[in-house]
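Trainee: I'd like to zoom in on one small part and understand it properly. Could you walk me through it slowly, and then show me how it compares with other spots of the same kind?

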Amino acid sequence: MPEIDHVSVRAVLAALALAAPGAAAAAPGDPATAPDVVAAAEKEGKVVVYSTTDSASAAAMLKDFAALHPKIAVEYNDMNSTELYNRFVSEAAAGAGSGDLLWSSAMDLQIKLANDGYTQAYASPEASKLPSWAVWKNEAWGTTYEPIAFVYNKRLLKPDEVPQSHADLVKALRAHPDRFKGKLTSYDPERSGLGFLLVTQDALHDKGFWDTAKAYGSVSPKLYTSTGAMMERISSGEHLVGFNMISSYAVQKAKKDPSIGVAFPKDYTLIMSRIALLPKAAKH
């Protein structure tokens, strides 16, 4: 399970679910615990979440919320980052019902929604417990700190074959193109907002990025929108190595699956944070 800061995310979720218009500002202390706000939320009866965090990883947080607020149902919609963005924007344009909380790993798309005026400000009482970089204008909250890594099959790669940098991976692909043909995997930047974001950051930090990209392309990598799908295929041996993988998912899977190995690139390691937003048009 990703290392999610349950307290901070729950505070955002609780505040959204429990705050009737105007009630949060008037309530003393934590608005999520004010009796009138709780009563208003229970009358509404639900909160709708659009998220890129898979349901299994969010289960502990959702169970905790249900125990605290049994009369408020959480409608949790798990989707990939591009789907989340496109669905919300389309629903907002149509004036239709949409998510009350948007929680996505595609950091750039989340900040774009905030910059484009889709979000509302909320001074969360939990904000002081977050680092300053994780709170943007009280409209966007960074809720995790997740390194991006290489994930590989420990049964099929010897320890000295595990890439320790992007240059190492390129060297291996060029030296053994037949071995890695169809065996490299990553996010599809055309279908995954997070995948596109990570590639743009690679272009900034990898001085030989286009040579790296050519090396990837030379072995016909298999591209997906789900970390889970990639890891299952790495575990089975269908793929040998995945790059730009969310390490929190991989580290958790490695605890139960001895085939999964994780390596953090030593030349540079990207960091991703799941960003939470409250839309202006939230109905609950």
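Trainee: Which residue's side chain meets the side chain of Arg 191 in a salt bridge?

Mentor: It's Asp 188: the side chains of Arg 191 and Asp 188 come together with 2.9 Å from N to O. Keep in mind that you're looking at a predicted model, so every value here is computed from it. Now check how open each partner is. Arg 191 has 44% relative accessibility, so we call Arg 191 partly exposed. Asp 188 has a relative accessible area of just 11%, and since buried means under 20%, Asp 188 counts as buried. So one partner of this pair is partly exposed, while the other is buried.

That pair belongs to a wider set, because the count under this rule comes to nine salt bridges. Take Lys 46 and Glu 75, whose side chains meet at 3.3 Å, N to O. Lys 46 sits in strand E1 (residues 46-51) and Glu 75 in strand E2 (residues 73-78), so this salt bridge ties together parts that are 29 residues apart in sequence. What about exposure? With 32% relative accessibility, Lys 46 is partly exposed, and Glu 75, at 34%, is partly exposed too.

Next, try Lys 253 and Asp 257, a salt bridge with 3.8 Å from N to O. Here both residues are buried. This one also has company: salt bridges with shared partners link Glu 232, Lys 253 and Asp 257 into one network.

Two of those names turn up again where a pair of helices pack. Helix H11 covers residues 227-236 and helix H12 covers residues 247-254, and their axes lie 10 Å apart at an angle of about 40 degrees. That angle is why H11 is described as oblique to H12. The crossing of H11 past H12 is right-handed. On the H11 side, the residues in contact are Thr 227, Met 231, Glu 232 and Ser 235, and on the H12 side they are Tyr 249, Ala 250 and Lys 253. Sorted by class, that contact has three nonpolar, two polar and two charged residues. So Glu 232 and Lys 253 are both part of this helix contact and, along with Asp 257, part of the salt-bridge network.

How values were computed: Residues are numbered from 1 along each chain as its sequence is written. This is a predicted model: local features need pLDDT of at least 70, side-chain atom pairs count only at pLDDT 80 or more; totals for chains, interfaces and linings use all residues. Side-chain values use heavy atoms; hydrogens and water are left out. Axes are lines fitted to C-alpha atoms, for helices over the stretch in contact, and angles run from 0 to 180 degrees between N-to-C directions. Helices (H or I, at least four residues) and strands (E, at least two) are DSSP runs, numbered from the N terminus. Angles under 35 degrees count as roughly parallel, over 145 as roughly antiparallel, 65 to 115 as roughly perpendicular and the rest as oblique. A crossing is left-handed if the near helix is turned anticlockwise from the far one by less than a right angle, and right-handed if clockwise. Contact means heavy atoms within 4.5 Å. Ala, Val, Leu, Ile, Met, Phe, Trp, Tyr, Cys and Pro count as nonpolar, Asp, Glu, Lys and Arg as charged, and the others, Gly among them, as polar. A salt bridge is a side-chain nitrogen of Lys or Arg within 4 Å of a carboxyl oxygen of Asp or Glu. Buried means under 20% relative accessible area, exposed over 50%, partly exposed in between (1.4 Å probe, protein chains only).
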